[in-house]
Amino acid sequence: MRCIYLLCIVAASLMAACNGNKATEASKLPGTWSEIETKAKGSSITMMMFQGDKKVNRYMNEYVVPQIKKLYNIQLQIVPGQGKEVVGNLMSEMEAGKKVSEIDVCWINGETFFQLRQIDALFGPYSGLLPNSKYVDSLNPTIKYDFQQQVNGYETPWGQSLFYLIYDSARLLNAPVSMANFETYFKQRPGRFTLATDFSGMTLLKTWLVELAGGMNELDGPFNEAKYNKYSAQLWQWLNTNKQYFWKKGETFPSSNTTVSQMFSIGELDFTCSFNDAEIDNKVGEGVYPTTAKALILAPGTIQNTHYVGISANSGKKEAAMVLCNFLLSPQAQARKSDITYWGSGTVLDLQSLPPADRALFDSLPKRVYGLQNSQLKDRAIKELAPEYMLRVFDDFRSKVING
Amino acid sequence: MTFKPRYVSIAVITLACITPVLVLVLLSLSQSWVYPKVIPGRLSVSQWREAFRQNTGIANSLYITLLLAAAVAVISTTSGFICSKWIAYHKHKKRLLLLAYLPFVLSPVILAVCLKFYFIKLNLAGTFVGVLLAQLVIAFPYSTIFFTGFWNRQMLQYEQLVKTLGGSQGYAFKMVIVPAAKPLLLICFFQCFLIAWFEYGLTSVIGYGKVPTLTIKVYQFVTEANIYYAALSCCLLVLPPILLLWINKRIIFRQVK
Amino acid sequence: MDKRWKIASIIGLGWFAALPLVLSIGYALLYSLGVIGALNKGFTLLHWQKLFTESAVFGSFAFSAYIAVVTIVVAVALSLTIALQYHRHLQRGFFSSVIFLPMAFPALVSAFFFFHALSKSGLLSRLAYKAGIVNSIEAFADLVNDQWGIGIIAAHLFICFPFFVMLFVNRIKSERVGAYLSLAKSLGATHWQALKKVAIPLLIKKTLPNILLYFIFMFGSYEIPLLLGRSSPEMVSVLAVRKLQKFNLYHIPQGYAVAVLYTVFTLGLLIIILRSQKLDYDL
């Protein structure tokens, strides 16, 4: 038994030793971009990102990884991890006082950006230093502000997304748009609706929160506790009354929207949702969705946001990370990303500012056939709410609806 | 022919054991499985070829998993064999064995999230060595427990006999003990190999996803709803142990967690 | 020489077995008490208080115990039947190989298969549709992500029953159950009586520690409930990991508190098992 006491002492001293030492300041970057590029050559970097989408993975594995290797001799390893894993890992590293992070680049936005800034885990400001940042549509408020937060150069815009629902117009002749419509629909077709407990489902909840608040103006601006409490209480009550008509009687919810989309494709559910403008075209092309699949914008509008890439404050390869960010912003990489056969997300570049040859890359892309049409979108885009709304909705949906 | 319930139940059990293997193999060869078709469609081997040729990382995973499992098996079998001897003959055998049971019965994923801090501290998180060490935390105690049964009075007597006849301890070890333990060593090797081969929780948490073993790959394909590649990776996980089972039933004819 | 090896062995065991445990529980405890952690502000019992007011935590422990008990009861019943009734088929031939196939399945693969076998769009549902038992996809019963954890139990059962078969087959040999059975029969017992009164109680008693150990394994299961479970109640490992990777960083200490609670529970159970029974070291 004495061994155990000894072990306890060792453990306690190890833990004591581990406390307190914060990460030191990052090493100084070289001055000019060409110096940065030179220093970046031959590095290996790790990018943590959401890997729940086949097309996104294809874009990364078949285009970005080989290109960055070919152009800059940078070895890029991609590891899976959504926002919460990025935050969790970077936070654990800071708690352990690790000087050089295992993660160099991460795909972030909204509440993840908020949390990473909260724990000071992001490197910056740097995005203004990237040569390709001159093409960014920087006047666009949805790019300049990430969930109503000033970006201030701590993340590089990567792509634009719109949130919308997908339904099969052959199955549903009158798709519900407002919450009142949904109540009628739930009763008519019970068991055929659900939402995921990931960011997609939570964005749907936020859209409904906006509807309950009577429009975006009420919730615009910094987080307002009183308003949140007022409208979210109505939302939870509405969900709790209606969840009996949800998939599996609302007693369980899928953990990811990928599952929801799968169930939609086999006809088990009437709706799925998406952040990817090209999702319907992609999936119709693969034969997964019927050609009658259509995009649906809810009554309050479509939440529009930008996704970004950030560099961790303790990355040991900041130069290579910046070169990667710059590459991701290049017209070539952005055009490929907008290609509906790859990823199909909206570009963050201002096409008018591009040289004609680069603009032609975008003009020659195949057009959407089934997905959101520009006519549908006119004046329907709404801003993201402040990040605290997302965090609170995440928490409260679990405690008030799932466990409630 | 008379109806024998015994044969019916045997047939049912057999079917239940074989179906999963067949379904996994079929799904891995398929590219479409639309409801309500029972048999997956568009069967061809091209998917397997693609999986190894293209940038899917499956081949790399197979290689990493093999290396990892072999290293875990070699280290834990040898060290567990030696360590168990001293524990088996120790006067506090029971208490020491309790120690060995500790990490082995805890949920690996919970152990991993609590240990992650130290692995980060030691710069081991996200590295092959880190994952190897983490797996040893399970495999080594397993192997120690496994061998304690081997060290009985008879073994002790053999060893003493060699000593009385003038042989050194090293000689006794090489000529008597290891040959006697050979089948057990082999079994333990494969058991530890399988522990590492099957591991998911520790590897995903300590490895950050940077050590992409096959189980990590399966989970990744499942989350992107790529059931055909997921099934293919499942086959790579399942077929080698089946082959071993078929070659030598005794190897797996013992429990592993 | 001897002495040195002995000390090295014990240190090795301490280093690889005891130290990780002490370190992990120490870290989790300190974190849950707010002593360490980037966003913690010093010692507090608040996280533990919150934990005890949250019914989800107790629900999760109860659900884990339920899954483990049901799986083990069914697995023991099934494998005892196979070991006692079909032992002749286990000696050689096709059946004797096939029955151990599930041992080649990691938990994750078993979960993956059972999802595609039992879900509404799964194999069973398709067969039922073909056979005309159901006429639409919704009509098929909920077998995964279901209230009773049927999918979770099935996936666990699949990978664990061969172990129990093996355990019982070995024990039937080592405990000379055959001899007892013929003795009972020669004393006038029917086959069923001999099984019920002699063989089954003897085997259960002899294997109880192994069965209880299996209970602990099953209790901490992660991959299977992760893929086949519901949002609530979750099994303990799933709950702990979710709380640790929560969007709300201020809830992380609660996750560590769950981890501590789980570890204490498991250790207590393990000590009881090892104390009360002479555990057979033959794993």
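This tour moves through a predicted model, selection by selection, from whole chains to single residues.

**Chains B and C as whole units**

Begin by selecting chain B and colouring by secondary structure. Chain B has twelve helices and zero strands. With 257 residues, of which 50% count as buried, its C-alpha trace spans about 75 × 65 × 30 Å along the principal axes. Contacts within chain B that have a sequence separation of 6 or more are made to 70% by residues 24 or more positions apart.

Next, select chain C. Its secondary structure comprises 13 helices and zero strands. The C-alpha trace of chain C spans about 75 × 70 × 35 Å along its principal axes, and 51% of its 283 residues count as buried. In chain C, 67% of the contacts between residues at least 6 apart in sequence join residues at least 24 apart.

**The B–C interface**

Display chains B and C together. Here 67 residues of chain B are in contact with 65 residues of chain C. On the chain B side, highlight α1 (5-29), α3 (58-88), α4 (93-105), α5 (108-121), α6 (128-148), α10 (214-223), α11 (227-247) and α12 (249-252); each supplies at least two residues of the side that touches chain C. Colouring that side of chain B by residue class gives 54 nonpolar, nine polar and four charged residues.

**The C–A interface**

Now show chains A and C. At this boundary, 27 residues of chain C are in contact with 33 residues of chain A. Select helix α1 (residues 2-32) of chain C, which gives the most to the side of chain C that touches chain A, with eight residues. That side of chain C has twelve nonpolar, ten polar and five charged residues.

**The largest nonpolar core**

Restore all chains and select A:Leu324, B:Val218 and C:Phe112: these are the residues with the most contacts inside the largest nonpolar core, which has 288 residues. To see the largest share of this core, select helix α8 (residues 150-174) of chain C, the source of 16 of its residues.

Centre the view on B:Val218. Which residues is B:Val218 in contact with, leaving aside its neighbours within four places in sequence? In chain B they are B:Ala230, B:Ser233, B:Cys234 and B:Leu237, and in chain C they are C:Leu108, C:Val109 and C:Phe112.

**A three-stranded sheet in chain A**

Turn to chain A and select β7, β8 and β9. They form an open sheet with the order β8-β7-β9 and antiparallel pairing. The edge strands are β8 (271-274) and β9 (293-296), each of which pairs on one side only. Ignoring direction, neighbouring strands of the sheet are turned by 35° against each other on average.

Strand β7 (residues 164-168) of chain A is joined to β8(A) by four bridges. Label A:Leu165 and look across to A:Cys273 in β8(A), which stands opposite. Then add helix α11 (residues 257-265) of chain A: this helix packs on the sheet, touches β7 and β8, and makes about 135° with the direction of β8(A). Helix α12 (residues 279-286) of chain A lies across β7, β8 and β9, running at about 170° to β9(A).

**A helix crossing in chain A**

Select helix α8 (residues 199-212) and helix α17 (residues 387-402) of chain A. Their axes come within 10 Å and cross at roughly 105°; α8(A) and α17(A) are therefore roughly perpendicular to each other. Show side chains for A:Met202, A:Leu205 and A:Lys206 of α8(A), and for A:Tyr389, A:Met390, A:Val393, A:Phe394 and A:Phe397 of α17(A), the residues that make the contact. By class they divide into seven nonpolar, no polar and one charged.

**Two single residues**

Select A:Lys98, in the loop between α4 (83-95) and β3 (105-108) of chain A. Is A:Lys98 buried or exposed? A:Lys98 counts as buried because it has 20 C-beta neighbours inside 10 Å. Leaving aside neighbours within four places in sequence, A:Lys98 is in contact with A:Glu93, A:Asn314 and B:Ile120. A:Asn314 is 216 residues away along the chain, yet the two C-alpha atoms are separated by 8.1 Å.

Finish at C:Arg242, in helix α12 (residues 236-244) of chain C. With 19 C-beta neighbours inside 10 Å, C:Arg242 counts as partly exposed, since buried status requires 20 or more. A distance drawn from C:Arg242 to C:Gly255, C-alpha to C-alpha, reads 7.6 Å, with their positions 13 residues apart in sequence.

Methods: Residues are numbered from 1 along each chain as its sequence is written. Chains are lettered from A and ligands numbered from 1 in the order in which they are written. This is a predicted model: local features need pLDDT of at least 70, side-chain atom pairs count only at pLDDT 80 or more; totals for chains, interfaces and linings use all residues. Two residues are in contact if their C-beta atoms, placed from the backbone, lie within 7 Å. Ala, Val, Leu, Ile, Met, Phe, Trp, Tyr, Cys and Pro count as nonpolar, Asp, Glu, Lys and Arg as charged, and the others, Gly among them, as polar. A nonpolar core is a set of buried Ala, Val, Leu, Ile, Met, Phe, Trp, Tyr and Cys residues joined through C-beta atoms within 7 Å. A residue is buried if 20 or more other C-beta atoms lie within 10 Å of its own, exposed if 12 or fewer, and partly exposed in between; C-beta atoms are placed from the backbone. Axes are lines fitted to C-alpha atoms, for helices over the stretch in contact, and angles run from 0 to 180 degrees between N-to-C directions. Angles under 35 degrees count as roughly parallel, over 145 as roughly antiparallel, 65 to 115 as roughly perpendicular and the rest as oblique. Two strands pair if DSSP finds at least two bridges between them.
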